[in-house]
Amino acid sequence: MRSISAALALLLPSFLVAQELYSCPHGKSVKTSAPGWIQNDHLHKVNDGRIPKQPARHTVDLDLPPAERWVEVGQYYADKSDLIIEYFESMLPHAAVVAIDKIAAQLVGYKGFGDFGDEMKGYAEGLGLDLGYVVAANLVYQLESIGVNCSNWNNTGPTGQCGDDSVDELVWLESEHYAKTINDVVHTGYCTSVVTEEAGGGILHGRNLDWNLDEDLREMIIDVDFTRGGETLYTGSTIVSFVGILNAMKPGSNGFSFSMDARCQGGKIFTNLIEALAFGAMTPCQHSRTVMESATDFASAVSLFESGNLIDDGYFIVGGAKLGEGAVVSRARNRAVDTWMIDETDAQSGWYRLETNYDHWQDVPSADDRRTPGYQHMEAVGKDNINTANLFDDVMTVWPTYNPHTDLTCIMSAKYGDYNCSIWLDPEEDAAL
C-alpha cells in the first residue's frame, strides 16, 4: 500500500495541473439553438454503405496464472501496438499520460486492479509495450470524456447531469478526440442498450457501442471466450490491450448478459479518480469481469452490479434467460442509484427496457434524444414479433440508434446461447482488407 500511496502522490500534481490547464477552454456556453445532429438529413447518408464485419475471436484461459492469460492475444496484435499508443495519447492530457507511464510499476499493483494488474503485465509483454501504456489504456474509458467544473456545459452528449451525485455543471476538455468529435457534427452519446422479452419465453439483448474509434482501431475490437476447465464460461467483447469487457453473455438456463453505457460523464474527474484509486475502486469494465466470473444467475448478477466501488458512474444493462429477467442498473461511483426492471404491469413499455445515456426517470436533452426513436422502433416491432433478426435490423441498426459513431453492434441471448457482434467499417476500409 505504501508504494501505491507514493504513486498516487506523484500522480495527483500532474492531474491537478492538467485540470487547471484544460479547464473551461471554451470561455462561454456551447449551448446552441441550431437543430441537433439527429435532425441533420445529411448524416443519414454517412451510414450508407458501411460494412459489418465479425470481430476476431480469441480465447483467454482463466485457469492460467493472470500474467499468462493475455500474452498470446498480445503477441497476435504486437505489430499494431503503435495504434494503441496513438489513440490514448490523443485522448488524455499530456501531463496525465506522462504521470501514468512513470508510475505504472507501482500503480499496476494497487488493490482495485487485483489480478487484473498481473494480466496487464502479461498483455504488455505480449504487445511489446511499456507497462505504463497498457495501464493508461485500461483507464482511458474513465478519462476519455474528461470534464471540469465550470459555469457552462455542453449539450453534445452524454449531457445528463447527476443531481444526486454532483452539483456543478460541466464542459468537455479539449483533446484531439474531442476536437474531432465536436467538429464531426454528430455529437453523439456513448451507447444504446436494450433488453427485451420475446415470444419464446426468453430475453434478447441488443447493444450499440458509439465510441467513435478511429478506423484502424475498430479492427482491434475482439470477441473473447473466457474458459475454465476447458469449457467456455462466458463470451465478451473488448478492445486489444483492455483487460475489462464492454459487454458479455454467459449461456444457459440460468445464464445472463450485460452491456454498459456511460452515465453522467464529467465533473471533477481527476479528483474522483484519485479518490477511487485510494479506496481500491475498480473500473466498470473490470468490475464487469468479476460479475461475469462470480454470478450464478440473473438475480446474483444484478446484485453484484448494484454493489462495489467504481471509478466512475455507469449504466449496467442486464438480461437473463427467463421472462421478467431484464434490468437497467444506474450506478453512482459508490452506490446503486436505481434498478429499473422489466415489468409487465407497465402497460406502455414494460416488456423491454431501453437505455441510452440518461437516467430513465428524467427527460433527455433534445440535442441527443436517441431514447424516443428507440422506443418507437421497439413498439413498431412488438413483443410478439421481436427476434434476434429484427432486433438487429429494425432497432439497433436504425437511425439514430445506429449512427456514424457506432463502432460495434451486438445481439445476445443467454437462453439461446447467441452472441453475434458486428464491427462497422467504412467501405474504403473493407476494400483494403
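## A walk through the chain

Pro251 is a handy place to start: 40% of its relative accessible area is open, so this proline counts as partly exposed. Keep in mind that the model you are looking at is predicted. Pro251 sits in the loop between strand S9 (247-250) and S10. Follow the fold from there and you meet Ala321, which is 70 residues away along the chain, yet the C-alpha atoms of Pro251 and Ala321 are separated by 8.4 Å.

Another pairing of this kind involves Asp48. Look for Asp48 in the loop between helix H2 (41-46) and strand S1 (51-53). With a relative accessibility of 53%, Asp48 counts as exposed, because the cut-off for that word is over 50%. The C-alpha atoms of Asp48 and Asp426 are separated by 9.1 Å, although these positions lie 378 residues apart in terms of chain separation.

Asp426 leads us to the salt bridges. Side chains of opposite charge can pair when their charged atoms come close. How many salt bridges does the structure hold? The count is 16. Asp426 is in one with Arg218, where the closest N and O atoms are 3.7 Å apart. That link joins distant parts of the chain: Asp426 belongs to the loop between S16 and helix H15 (427-431), Arg218 to helix H9, and they are 208 residues apart. Asp426 is buried at 17% relative accessible area, and Arg218 is buried too, at 7%. These two are also part of a network of salt bridges that links Arg50, Arg218, Asp407 and Asp426.

Next, find Arg207, which makes a salt bridge with Asp261; here the closest N and O atoms are 3.8 Å apart. This one runs from strand to strand, with Arg207 in S6 (residues 203-209) and Asp261 in S10 (residues 256-261), 54 residues apart. Are Arg207 and Asp261 buried or exposed? Both are buried.

A little further along the chain, Asp313 forms a salt bridge with Arg263, and the closest N and O atoms are 3.0 Å apart. This time both partners come from loops: Asp313 from the one between helix H12 (298-306) and strand S11 (314-319), Arg263 from the one between S10 and helix H10 (269-278), 50 residues apart. Asp313 and Arg263 are both buried.

Some charges gather on the surface instead. Asp79, Asp82, Glu86, Glu215 and Asp216 make up a patch of negative charge there. Helix H4 (81-91) and helix H9 (215-218) are the elements that give two or more residues to this patch. Asp82, for one, lies in helix H4, and its relative accessible area of 38% makes Asp82 partly exposed.

Now for the cysteines. A disulfide is a covalent bond between the sulfur atoms of two cysteines. The structure has one disulfide. Cys410 and Cys421 form it, with their sulfur atoms 2.1 Å apart. The torsion about their S-S bond is about 110°, so the disulfide is right-handed. Because Cys410 is in strand S15 (residues 408-413) and Cys421 in strand S16 (residues 418-425), the pair ties together parts that are 11 residues apart in sequence. Both Cys410 and Cys421 are buried.

What about Cys191? Cys191 is in no disulfide, and the nearest cysteine sulfur, that of Cys285, is 9.6 Å away. That distance is too far for a bond, because a disulfide needs its sulfur atoms within 2.5 Å. Cys191 is buried with a relative accessible area of 0%, while Cys285 is buried at 1%.

Finally, a few spots in the backbone deserve a look. Trp399 and Pro400 are joined by a cis peptide bond, with omega at about 0°. Pro400 is in the loop between helix H14 (388-396) and S15. Asn212 has a positive phi, near 60°, and is not a glycine. You will find Asn212 in the loop between S6 and H9, where it counts as buried at 9% relative accessibility. Ser241 has a positive phi as well, about 95°, and is not a glycine either. The home of Ser241 is the loop between strand S8 (231-239) and S9, and a relative accessible area of 2% makes Ser241 buried.

How values were computed
Residues are numbered from 1 along each chain as its sequence is written. This is a predicted model: local features need pLDDT of at least 70, side-chain atom pairs count only at pLDDT 80 or more; totals for chains, interfaces and linings use all residues. Side-chain values use heavy atoms; hydrogens and water are left out. Helices (H or I, at least four residues) and strands (E, at least two) are DSSP runs, numbered from the N terminus. Buried means under 20% relative accessible area, exposed over 50%, partly exposed in between (1.4 Å probe, protein chains only). Patches are made of residues with over 30% relative accessible area and no salt bridge: like charges are joined within 9 Å, nonpolar side chains (Val, Leu, Ile, Met, Phe, Trp, Tyr) within 5 Å. Accessible areas come from the Shrake-Rupley method with a 1.4 Å probe; for residues, only the protein chains shown count as cover. A salt bridge is a side-chain nitrogen of Lys or Arg within 4 Å of a carboxyl oxygen of Asp or Glu. Lys and Arg count as positive and Asp and Glu as negative; His and the chain ends are not counted. The place of a charge is taken as NZ of Lys, CZ of Arg, CG of Asp or CD of Glu.
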